[in-house]
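Visitor: I would like a close look at a single part of this chain, taken slowly and with its surroundings explained. Please begin once the sequence and structure are in view.

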Amino acid sequence: IEVQLMLGRTGRILAVLAGLSFAGCAQNFGQTNNPHQLVQLNGIQVTGTRLPPDSIIKISGLKIGQMVNDETLKRASDKVTSTGLVKGLDYGYNAEPGKPGVYLSLKVFDEGPLLPVQIMPLQDAPAIWSCLHSADPIFTDQMPNTEKAIHFYSINMARCLGNLGAVSRRVAATVACDGTGKSIAINFHVTPDARPASASPSASH
């Protein structure tokens, strides 16, 4: 089953554009008088994260060969941090002397701490996990307890239910706590749609 990866609403940009340096290249986004100047992206390296590098690149929307500038990278940063799985990013640029374009070094700072994830009822979990993993391996059985991360997981689980033919079911998330009030797990409950099948949405006035 192929599932289109969905992102939550983007909030303010959390990425920090720092450490911009070009070896043997005058086109430095951090120092040029024209931060809107476009240069070709020749390669991307991702470090510092538990998440699959290919998943970070996929969510960022960056592609080898495209033309990028400060605005392009701010949009890419916003896409990654909007998942709630990442709290910030640092970028560095390098260029080979005599060759056009730049190589992007992307250091990712993950959100934490991580809590175990459980999908209930348990009999629904294998099909939903399989669907999520087919969409992207970024979905794991551990996640940070952030509003954006819970939303990111929830909307993709809902998309999976739709692909599995369970369009009338909903996903609701709860955070389980121990006796001291400490968060210990994030539970996603798959429930039937509360509205009768024949009901139609009420008009707002």
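Visitor: With which residue does glutamate 71 form a salt bridge, and how far apart are the closest N and O atoms?

Guide: Since this is a predicted model, what follows describes computed geometry. Glutamate 71 forms its salt bridge with lysine 74, and the closest N and O atoms of the two are 3.8 Å apart. A salt bridge is counted here when a side-chain nitrogen of Lys or Arg comes within 4 Å of a carboxyl oxygen of Asp or Glu, so the pair qualifies. Both residues belong to helix H2, where, being three residues apart, they are separated by about one helical turn. As for their surroundings, glutamate 71 is partly exposed, with a relative accessible area of 33%, and lysine 74, at 30% relative accessibility, likewise counts as partly exposed.

The helix that carries this pair, H2, covers residues 70-81, and its axis comes within 8 Å of the axis of helix H1, which covers residues 53-60; the two axes cross at roughly 120°. That angle makes H1 oblique to H2, and the crossing is right-handed. On the H1 side the residues that meet H2 are Ile56, Ile59 and Ser60, and on the H2 side their counterparts are Ala76, Lys79 and Val80. Sorted by class, this contact of H1 with H2 has four nonpolar residues, one polar residue and one charged residue.

Helix H1 leads on to another salt bridge, for the side chain of lysine 58 meets that of aspartate 136 with an N to O distance of 3.6 Å. Lysine 58 lies in H1, whereas aspartate 136 lies in the loop between helix H3 (125-135) and strand S6 (142-144), so this pair ties together parts that are 78 residues apart in sequence. The two partners also sit in contrasting surroundings: lysine 58 counts as partly exposed at 46% relative accessibility, while aspartate 136 counts as buried at 3%.

A search of the whole structure finds three salt bridges, and the one still to be described joins the side chains of arginine 169 and aspartate 124, with an N to O distance of 3.1 Å. This pair links distant parts of the chain, with arginine 169 in strand S7 (residues 169-177) and aspartate 124 in the loop between strand S5 (114-120) and H3, the two residues being 45 apart. Arginine 169 is partly exposed, with a relative accessible area of 27%, but aspartate 124, at 17% relative accessibility, counts as buried. If residues up to four places away in sequence are not counted, aspartate 124 touches Arg169 and Val190. Between aspartate 124 and valine 190, which are 66 residues apart along the chain, the C-alpha atoms are separated by 7.9 Å.

Helix H3, which has now appeared beside two of these loops, has a packing partner of its own. H3 and helix H4 (residues 147-163) pack at an angle of about 105°, with their axes 9 Å apart, and the two helices are therefore roughly perpendicular to each other. From H3, the residues Ile128, Trp129, Cys131 and Leu132 meet Tyr153, Asn156, Met157, Cys160 and Leu161 from H4. By class, the residues of this contact divide into eight nonpolar, one polar and no charged. Alanine 158 is also found in H4, and with a relative accessible area of 39% this alanine is partly exposed. Computed along the sequence, alanine 158 and isoleucine 128 are 30 residues apart, and in space their C-alpha atoms are 9.2 Å apart.

To place these parts in the whole, the secondary structure of the chain comes to four helices and eight strands, which follow the pattern β-α-β-α-β-β-β-α-β-α-β-β when read along the sequence. Of the 205 residues in the chain, buried residues make up 38%. Among contacts between residues at least 6 apart in sequence, 64% join residues at least 24 apart. Returning to the starting point, glutamate 71 and lysine 74 form a salt bridge between two residues of the one helix H2, whereas lysine 58 and aspartate 136 tie together parts that are 78 residues apart, and arginine 169 and aspartate 124 link distant parts of the chain.

Terms used:
Residues numbered from 1 in each chain as written. Predicted model: local features only at pLDDT ≥ 70, side-chain atom pairs only at ≥ 80, totals over all residues. Heavy atoms only, no water. Axes fitted to C-alpha atoms, helices over the stretch in contact; angles between N-to-C directions. Parallel < 35°, antiparallel > 145°, perpendicular 65-115°, else oblique. Left-handed = near helix turned anticlockwise from the far one by under 90°. Contact = heavy atoms within 4.5 Å. Nonpolar A, V, L, I, M, F, W, Y, C, P; charged D, E, K, R; others polar. Buried < 20%, exposed > 50% of the residue type's maximum accessible area, 1.4 Å probe, protein only.
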